[in-house]
Amino acid sequence: MNLSHIEHIGIAVKSLEEAIPFWEKQLGLKCYAVEEVKEQKVKTAFFKVGQSKIELLESTDPEGPIGKFIEKKGEGVHHIALAANGLQASLTELEGKGVQLIDKSPRKGAEGLDIAFVHPKATRGVLLELCEDPKK
C-alpha cells in the first residue's frame, strides 16, 4: 500500500453553525469549504492544518450514518482518513489479507475525493477511511 499522510480527521457534530466558531475563533483556523454530500446524508466543513484537514460532519438525516453515530455515541471523532495512492489496489490488497472492508470499491466523497472505508472491527474500533484525489 502507498499511504502518504493523514488526509483528515472526521468529527461528528450536531450543528456546523455551532461547531465552526470554535475552530475559527478559538483556534484561528479558517473554514475554507462547506459542502453537502447527499449520498451520505451529511454536510461537511473543512479546515486545513498543515498538510492534513479537520472535517466536521453534520447529519442531514437522523437515519444517515452521522445521525446514527451521534445518537449512539454523541459528538466526537468519527473517523480517521489516510491518503492512498492507488485506492482500488489498496482495497484489493487489504481484502486479500482478510481485512474486513465496508467498501470493496471506491465511491465519491466530499471535495471530489474517491473514498472507501475499512470496518472498525478490522482496526480495533477505529473507522478508517482511505481517500484518493482522482485528479492526481
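**Pockets, a buried histidine and two positive phi angles**

Guide: By class, 17 nonpolar, 7 polar and 7 charged residues make up the lining of the largest pocket. The model under discussion is a predicted one.

Visitor: What makes a residue of this lining count as nonpolar?

Guide: The class follows from residue type: Pro, Ile, Phe and Leu are among the types that count as nonpolar, whereas His is not listed there or among the charged types and therefore counts as polar. Pro65, Ile66, His78, Phe117 and Leu127 lie nearest the centre of the largest pocket, which has 31 lining residues.

Visitor: Which element gives the most to this lining, and what is the volume of the pocket?

Guide: α2 (65-73) gives the most, with 5 residues. At least two residues each come from β3 (42-49), β4 (52-59), α2, β5 (76-84) and β7. The volume of the largest pocket is about 640 Å³.

Visitor: How is the lining of the second largest pocket divided by class?

Guide: That lining has 4 nonpolar, 4 polar and 6 charged residues. The second largest pocket has a volume of about 280 Å³ and is lined by 14 residues, with His5, Glu7, Ala83, Asp133 and Lys136 nearest its centre. β1 gives the most to this lining, with 3 residues; β1, β5 and β8 each supply at least two.

Visitor: Why is His8 called buried?

Guide: The relative accessibility of His8 is 3%, and buried means under 20%, so His8 meets the criterion. His8 lies in strand β1 (residues 3-13).

Visitor: Why does the pair of His8 and Glu55 side chains count as a polar contact?

Guide: The two side chains are 2.9 Å apart at this contact, and the limit for such a pair of N or O atoms is 3.5 Å, so the distance satisfies the definition. Beyond its neighbours within four places in sequence, His8 is in contact with Lys53, Glu55, His79, Ile80, Ala81, Glu129 and Cys131.

Visitor: What makes Glu111 partly exposed?

Guide: Glu111 has 23% relative accessibility; partly exposed covers values between the 20% and 50% limits, and Glu111 therefore belongs to that class. Glu111 lies in the loop between β6 (107-108) and β7 (114-118) and has a positive phi of about 60°, although it is not a glycine.

Visitor: Is Arg124 buried or exposed, and why?

Guide: Arg124 has a relative accessible area of 74%, and exposed means over 50%, so Arg124 is exposed. Arg124 lies in the loop between β7 and β8 (128-132). Though not a glycine, Arg124 has a positive phi of about 65°.

Technical notes: Residues numbered from 1 in each chain as written. Predicted model: local features only at pLDDT ≥ 70, side-chain atom pairs only at ≥ 80, totals over all residues. Heavy atoms only, no water. Helix = DSSP H or I, 4+ residues; strand = E, 2+ residues; numbered from the N terminus. Buried < 20%, exposed > 50% of the residue type's maximum accessible area, 1.4 Å probe, protein only. Polar contact = N/O pair within 3.5 Å; in protein donor to acceptor, adjacent residues only side chain to side chain. Contact = heavy atoms within 4.5 Å. 1 Å grid on protein atoms, 1.4 Å probe; cavity = no way out; pocket = protein on both sides within 12 Å on 5 of 7 lines; lining within 4 Å. Points joined across faces, edges and corners; volume = space filled by probe spheres on them.
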